[in-house]
Amino acid sequence: MHVREMISTHPHVQGQTDDALLRCIEECYACAQTCTSCADACLGEEDHSKLIQCIRRNLDCADICAATGAIASRRTGSNTEVMRAVIQACAEACRVCGAECRSHAEMHEHCRVCADACERCERACREALPAVH
C-alpha cells in the first residue's frame, strides 16, 4: 500500500508521519479484505451452517476495519475523540473475530489466515492509540 507515501505528502502533515498510525491504517485495510474473503470462503464450505457466527463476525470486523482505515487516513482538521473511539472499536472487533476464526482454524485454513490478520490488526490498533491525541 501507499499509505506512507500518500499521507506524508498531505499539506497538514508536512512529512511528519507516525509509524504506528500508518501501520494501523495498513493493517485495517488488509484485515477488512481478509475478513470479507474469509466470510465468503465460509459461505463456500459444504456445511456453512456451523459458520454463521463466524461469517457475521467477519463481516462486522471487515466493515469496522474499513471505516477505521478511512477515518485514520484523514489528516485535515481533527476529530481525535472519534478517531480514538473507532480505533478502540476496531481493536475489539478484531479481537472477537480473531478468536472466532481461531476456533475454526484447524478445520478451515481460511479461518487461520483470517485469525492471524485480525490479531495483527488488533495489535496495530492498540499500538496506534497513544499517537492519537
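These exercises work through the helices of one predicted model.

Residues are numbered from 1 along each chain as its sequence is written. In this predicted model, local features need pLDDT of at least 70, side-chain atom pairs count only at pLDDT 80 or more, totals for chains, interfaces and linings use all residues, and side-chain values use heavy atoms, with hydrogens and water left out.

**Exercise 1. State how many helices and strands the chain has, and what share of its residues is buried.**

Step 1. Count the elements. There are five helices and zero strands. Helices (H or I, at least four residues) and strands (E, at least two) are DSSP runs, numbered from the N terminus.

Step 2. Read the order. From the N terminus it is α-α-α-α-α.

Step 3. Turn to burial. Buried means under 20% relative accessible area, exposed over 50%, and partly exposed in between (1.4 Å probe, protein chains only). Of the 133 residues, 41% count as buried.

Step 4. Look at contacts, meaning heavy atoms within 4.5 Å. Take those with a separation of 6 or more: 71% of them join residues 24 or more positions apart.

**Exercise 2. Compare the span of α3 with the expected span, then find which side of α3 is buried.**

Step 1. Helix α3 covers residues 52–73, which is 22 residues. From first C-alpha to last it reaches 32 Å, close to the 32 Å expected at 1.5 Å a residue. The expected span is 1.5 Å times one less than the number of residues.

Step 2. List the buried residues of α3: Cys 54, Ile 55, Asn 58, Cys 61, Ala 62, Cys 65, Thr 68, Gly 69 and Ala 72.

Step 3. Find their side. They cover an arc of only 160° around the axis, so they lie on the same side of α3. The arc is that of the directions from the helix axis to the C-beta atoms. An α-helix has 3.6 residues a turn, so residues three or four places apart point the same way.

Step 4. Check the face turned away from the buried side. It carries the exposed residues Ile 52, Arg 56 and Asp 63.

Step 5. Name the partners. The buried residues of α3 pack against α2 (19–44), α4 (80–102) and α5 (109–128).

**Exercise 3. Describe how α5 packs against α2 and against α4.**

Step 1. Pick the quantities. Two packed helices are described by the angle between their axes and the distance between the axes. Axes are lines fitted to C-alpha atoms, for helices over the stretch in contact, and angles run from 0 to 180 degrees between N-to-C directions.

Step 2. Take α2 and α5. Their axes come within 8 Å and cross at roughly 155°. The two helices are therefore roughly antiparallel. Angles under 35 degrees count as roughly parallel, over 145 as roughly antiparallel, 65 to 115 as roughly perpendicular and the rest as oblique.

Step 3. Take α4 and α5. They pack at about 155°, with axes 8 Å apart. This pair is therefore roughly antiparallel too.

Step 4. Zoom in on Glu 122, found in α5. At 18% relative accessibility, Glu 122 counts as buried. Beyond its neighbours within four places in sequence, Glu 122 contacts Ala 91, Cys 94 and Arg 95.

**Exercise 4. Locate Ile 64 and list what it touches.**

Step 1. Ile 64 lies in α3. Its relative accessible area is 28%, so Ile 64 is partly exposed.

Step 2. Leave out residues up to four places away in sequence. Ile 64 then touches Ala 89, Cys 90 and Ala 93.

Step 3. Compare sequence and space. Ile 64 and Glu 92 are 28 residues apart in sequence and 9.9 Å apart in space, C-alpha to C-alpha.
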